[in-house]
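Work through these exercises with the structure open beside you. Try each task before reading its solution.

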Amino acid sequence: MEGSRHVPVMLDRVVDLLAPALERPGSVLVDCTLGLGGHTEAVLTRLPQARVIGIDRDLEALRLSGERLAPFGDRFVGVHAVYDEIADVVRDQGLDHVDAVLFDLGVSSMQLDVRERGFAYAEDAPLDMRMDGSEGITAADVLNTYSSAELTRVLREYGEEKFAKRIADTVVRVRETEPFTRSGRLVELLYDVIPAPARRTGGHPAKRTFQALRMEVNDELGVLRRALPAALGVIGVGGRVVVEAYHSLEDRMVKRAFVDVTRLDVPEDLPFVPEGHEPPMRMVTRGAEVADEREIAENPRAASVRLRAVERVRPDRGAAR
């Protein structure tokens, strides 16, 4: 299968971080971003006592990963859902908690590779960008209906695009003549609008705009904002949540959520920690871990990864025990 050539970012380190939580008989991992199943395949191969529930909103990803993971039989089950529905997914599988949760955020290699999905700016394709192609607005809808102010916000916040307002104003002006339908026309516009000196630095001039549109179309930050507390709530004692983030806003959100559950809830000058006030979780990684130079050379996507992990050390109210 074509997708099997793709090796997930920091794969060995991710499996090492998950392993202590998945070495018990009957342990369960929820892979919230299943994609082509690379992480899940590694876990099922190296941790023979573990089972995996794989979540993906992309039906094609579920089909392809299902074929790839078929040799593992009932140790794997794929679920069509958005990962902020993790609590419902766990309950529907008859479980009151799981032992580990994994997020590998952003667009999958399969989505980039399939030209018709419109995620990649290197080829002309329909401006879709939906991770679940069966519902929701498309990138073309965003470009053709958002006001200049709304487009500016999206490009600035999600793409960190310095020329957000100039791009937005131009999009609004030219769509009056002809609505946007294909990525090639948008790329041409970006080459025209972004000044030549800026085009020569920071990668492809369309990179930031395409990222911003994808994040808006799929509500990626909103989904993550809802998913993090849900994921932290479904793991039992000894369980771990591991997250790979590739965008500064995503990593900031992950960092904040992890700090909240690992911070002491007592005054700093208190000489002891009263019973019941210990944090429910501990940091497993020291800050965010990054990929080494060798991996970045082999897989450029690894250059922006930030890897964080926490472990539940005691139950708290509303959490799985």
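**Exercise 1. Count the cavities.**
How many cavities of 30 Å³ or more does this predicted model hold?

*Solution.* The count comes to two cavities of 30 Å³ or more. Take the second largest. The volume of this second largest cavity is about 30 Å³.

**Exercise 2. Describe the lining of the second largest cavity.**
Find which residues line the second largest cavity, and which helices supply them.

*Solution.*
- Step 1: list the residues. The lining of the second largest cavity is made of L143, L151, L155, I167, A168, V171, T209 and L213.
- Step 2: assign helices. At least two lining residues come from each of α7 (148-159), α8 (164-174) and α11 (207-217).
- Step 3: find the main supplier. Helix α8 gives the largest share, three residues.
- Step 4: sort by type. Seven of the lining residues are nonpolar, one is polar and none is charged.

**Exercise 3. Take stock of the whole chain.**
How many helices and strands are there in the protein? What share of the residues counts as buried?

*Solution.*
- Step 1: count elements. The protein has 14 helices and seven strands.
- Step 2: check burial. Of its 321 residues, 53% count as buried.
- Step 3: look at contacts. Take those with a separation of 6 or more: 70% of them join residues 24 or more positions apart.

**Exercise 4. Order the sheet.**
In what order do the seven strands of the open sheet lie, and which are the edge strands?

*Solution.*
- Step 1: read across the sheet. The order is β3-β2-β1-β4-β5-β7-β6, and the pairing is mixed.
- Step 2: pick the edges. β3 (76-80) and β6 (281-283) each pair on one side only, which makes them the edge strands.
- Step 3: gauge the turn. On average, neighbouring strands of this sheet are turned by 15° against each other, direction ignored.

**Exercise 5. Trace the pairing from β1 to β7.**
Work out the sense of each pairing and find some bridge partners.

*Solution.* One background point comes first. Strands of a sheet pair through backbone hydrogen bonds, in either the parallel or the antiparallel sense.
- Step 1: β1 to β4. Strand β1 (residues 28-31) pairs with strand β4 (residues 98-104) in the parallel sense, over three bridges. Here L29 has A100 of β4 as its bridge partner.
- Step 2: β4 to β5. These two run parallel and are joined by six bridges. V98 has I235 of β5 as its bridge partner. A100 has R240 of β5 as its bridge partner.
- Step 3: β5 to β7. The sense is now antiparallel, again with a count of six bridges. V241 stands opposite V310 in β7.

**Exercise 6. Explain the cover on β4 and β5.**
Why is β4 largely enclosed by the rest of the structure? Which helix lies across β4 and β5?

*Solution.*
- Step 1: apply the cut-off. A residue is buried if its relative accessible area is under 20%.
- Step 2: test β4. Seven of its seven residues are buried, so β4 is largely enclosed by the rest of the structure.
- Step 3: test β5. Of its 11 residues, 10 are buried, and β5 is mostly covered.
- Step 4: find the helix. Helix α12 (residues 220-234) lies across β4, β5 (235-245), β6 and β7 (306-312). Helix α12 runs at about 150° to β5.

Technical notes. Residues numbered from 1 in each chain as written. Predicted model: local features only at pLDDT ≥ 70, side-chain atom pairs only at ≥ 80, totals over all residues. Heavy atoms only, no water. Pairing = 2+ DSSP bridges. Helix = DSSP H or I, 4+ residues; strand = E, 2+ residues; numbered from the N terminus. Axes fitted to C-alpha atoms, helices over the stretch in contact; angles between N-to-C directions. Contact = heavy atoms within 4.5 Å. 1 Å grid on protein atoms, 1.4 Å probe; cavity = no way out; pocket = protein on both sides within 12 Å on 5 of 7 lines; lining within 4 Å. Points joined across faces, edges and corners; volume = space filled by probe spheres on them. Nonpolar A, V, L, I, M, F, W, Y, C, P; charged D, E, K, R; others polar. Buried < 20%, exposed > 50% of the residue type's maximum accessible area, 1.4 Å probe, protein only.
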